[in-house]
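Let's take a friendly walk through one helix and the pockets around it. Have the coordinates open as you read.

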Amino acid sequence: MIVVAGEALIDLVPQGTGALAGLQPARGGGPYNTAVALGRLGSRTAFCSRTSYDAFGEALLEGLREAGVDVSAVQRGPEPTTLAVATIDGNGSAAYSFYVEGTADRLFTVPAGLPAGTRAVSFGTCSLVLEPGASAYEELMRTAAAQGVFTLLDPNIRTGLIPDADAYRARFKSWLPSVSLLKLSEEDARWLGGTPREWLSAGPSAVVITHGGDGLTAFTQDGAVYPVPGEKVDVVDTIGAGDTVNAALLHGLSARDALSSAALARLGREGWERLLRFAARAAAVTCSRAGAEPPYAAEVGEL
C-alpha cells in the first residue's frame, strides 16, 4: 500500500482570457492528483486527508474511487471545500490563488495509524502550510519515518499561502531527517535555497529535481548525478505534471521493491535512468491534455 497524505480541492480553471473568463471546476490538489495517478498506474493506493460533505467533496471522493484508490482513511467535515483559481500563461504553466479560510481539508487531524500494509507515504503542497492541519501532517510524517516507512516529500511551493518565507524554509529543513526521497521542481529549489548535496546531508536518501520540459535529475547519497531528458509533447497545460512525477517515482520504486534507503542505494545508473524516463513519459502524457489528467499504465509503457 502506498498512502498519499494531503489536501483535495477544486481547481477553477479559466476557459478563456481576462479576469471574467468562465471557470471550469476540476478535481485537484497536489496530493489528490498524486493519489489518482498512482491508482491509474496500478499501485495499491490509499488517500489520507479530510474532505467536505458538500457536493465538491463528494465529487473528489468519487474521482479517487474511480481510480481505484482506497478512501477509508479520509476524514469528513461540514466545512466547505477549498477552491484554487488557476491562471494559465502562454506556455501552459499554471499559477493559483486560493480560498482556504474555514475549509474542510485544513482541519485534518492525526489518524490513529496508517492503513495496514503501508510501505510508503507521500506528503506535500498546501497541506504542509495551512494550520492546524499542517502540524498534523508533519506529525504523521515524523511518525511514519520513525516506524521505517518510506516517505516522499514534494514541497510544491505556493508562495501566496506562505506568510513568512524564512519560517517556512526553516520548517522545510526540519522535515528532511524524516524524508526518504525529496522531489521538487527547479523553481521550488531556487525559492527554498540550498543545494541537493545540502539536503542529502540532512537526511534524504535521494533528491529528484524536475526541469519542466527539459527532464529530471536524481542526486544520490554516493555523490552520483543521473539526468534524463524530458519527453517531447505538445503542451496543453502543466497542471498535475509534478504530481504525476511523484506517482511515477513511487510506483516505479514499488515495482522494483525499492521502497527503502538501502534499495535506493542499489538502483545504480541503469535503475535510476529507467525510473526517471518512466516518470518523464508519465508527466508528458499529463501535459498533453487539459487539467490534471494523469495517465493510465497502458499509456506510458513498461518501466
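At 1.5 Å a residue, the twelve residues of helix 1 (residues 30–41) should span 16 Å, and the 17 Å between its end C-alpha atoms agrees with that. Keep in mind that this is a predicted model.

How enclosed is helix 1? Twelve of its twelve residues are buried, meaning under 20% relative accessible area, so helix 1 is largely enclosed by the rest of the structure. The buried residues include Gly 30, Pro 31 and Tyr 32, as well as Arg 40 and Leu 41. Just after helix 1 comes Gly 42, with a positive phi near 105 degrees.

Now for the pockets. The largest pocket has a volume of about 1,200 Å³. Among the 48 residues lining it, Ser 185, Glu 187, Thr 238, Ala 241 and Gly 242 are the closest to its centre. Elements that give two or more residues to this lining include helix 1, strand 11 (181–185), helix 5 (186–192) and helix 7 (241–255).

The second largest pocket holds about 420 Å³ of space. Its lining has 21 residues, with Ala 26, Arg 27, Gly 291, Ala 292 and Glu 293 nearest the centre. Strand 3 (23–28), helix 1 and helix 2 (55–66) each give two or more residues to that lining. Helix 1 gives the most, with four residues.

Here is how the two linings divide by residue type:

| Pocket lining | Nonpolar | Polar | Charged |
|---|---|---|---|
| Largest pocket | 18 residues | 19 residues | eleven residues |
| Second largest pocket | eleven residues | five residues | five residues |

Terms used. Residues are numbered from 1 along each chain as its sequence is written. This is a predicted model: local features need pLDDT of at least 70, side-chain atom pairs count only at pLDDT 80 or more; totals for chains, interfaces and linings use all residues. Side-chain values use heavy atoms; hydrogens and water are left out. The expected span of a helix is 1.5 Å times one less than its number of residues. Buried means under 20% relative accessible area, exposed over 50%, partly exposed in between (1.4 Å probe, protein chains only). On a 1 Å grid over the protein atoms alone, a cavity is a set of points where a 1.4 Å probe fits but cannot get out, and a pocket is an open set with protein on both sides within 12 Å along at least five of seven lines; lining residues have an atom within 4 Å of a point. Grid points are joined across faces, edges and corners, and a volume is the space filled by probe spheres set on the points. Ala, Val, Leu, Ile, Met, Phe, Trp, Tyr, Cys and Pro count as nonpolar, Asp, Glu, Lys and Arg as charged, and the others, Gly among them, as polar.
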